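Student: I am new to this structure. Can we go through the terms used for it and check how each one is earned?

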Amino acid sequence: MDDSGQVTHVGLLLRIGPDGTVSRSLVSGRVLHHEQPRTALLRHLEKDLGPVALPSYPGSRCSR
């Protein structure tokens, strides 16, 4: 979305089926009142694909 709230790009989610076929789908869902679209997208990705869908970074390896 641009600064005025107009949609400028639509992304597709690629899925690979058990038989190796690749399909495209849109990530869909509702945006909550006062929620940013990016936050809603992350919430729906985690819900649809599970916690491994998004990268996670390990904590600090420094010992005190």
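Tutor: We start with His34, whose phi is near 70 degrees in the loop between β2 and α1. This is a predicted model, in which local features need pLDDT of at least 70 and side-chain atom pairs count only at pLDDT 80 or more, while totals for chains, interfaces and linings use all residues. Residues are numbered from 1 along each chain as its sequence is written, and side-chain values use heavy atoms, with hydrogens and water left out.

Student: What makes the phi of His34 worth stating?

Tutor: The value is positive, and His34 is a residue other than glycine. Most residues other than glycine have a negative phi.

Student: Why is His34 called exposed?

Tutor: Exposed means over 50% relative accessible area, buried under 20%, and partly exposed in between, with a 1.4 Å probe and protein chains only. His34 has 74% relative accessibility, so His34 counts as exposed.

Student: Why is Glu35 called buried?

Tutor: Glu35 has a relative accessible area of 16%, which is under 20%, so Glu35 is buried. Glu35 is also found in the loop between β2 (22–25) and α1 (37–49).

Student: What does the side chain of Glu35 reach?

Tutor: The side chain of Glu35 reaches the backbone nitrogen of Leu32 at 2.8 Å. Contact means heavy atoms within 4.5 Å; leaving aside neighbours within four places in sequence, Glu35 is in contact with Arg30, Ala40 and Arg43.

Student: Which elements does the protein chain have, and in what order?

Tutor: From the N terminus on, they run β-β-α, with one helix and two strands. Helices (H or I, at least four residues) and strands (E, at least two) are DSSP runs, numbered from the N terminus.

Student: How do you know that β1 and β2 pair?

Tutor: Two strands pair if DSSP finds at least two bridges between them. Four bridges join β1 to β2, so the two strands pair, and they run antiparallel. Leu14 stands opposite Arg24 in β2.

Student: Where is a positive phi found in the hairpin of β1 and β2?

Tutor: Gly20 takes a positive phi near 90 degrees in this hairpin, which has five residues between the strands.

Student: Why is Leu12 called exposed?

Tutor: Leu12 has 52% relative accessibility, and exposed means over 50%, so Leu12 counts as exposed. The place of Leu12 is in the segment before β1 (13–16).

Student: What share of the protein chain is buried?

Tutor: Buried residues make up 9% of the 64 residues.

Terms used:
A polar contact is a pair of N or O atoms within 3.5 Å; within protein, one must be able to donate a hydrogen and the other to accept it, and residues adjacent in sequence count only if both atoms are side-chain atoms.
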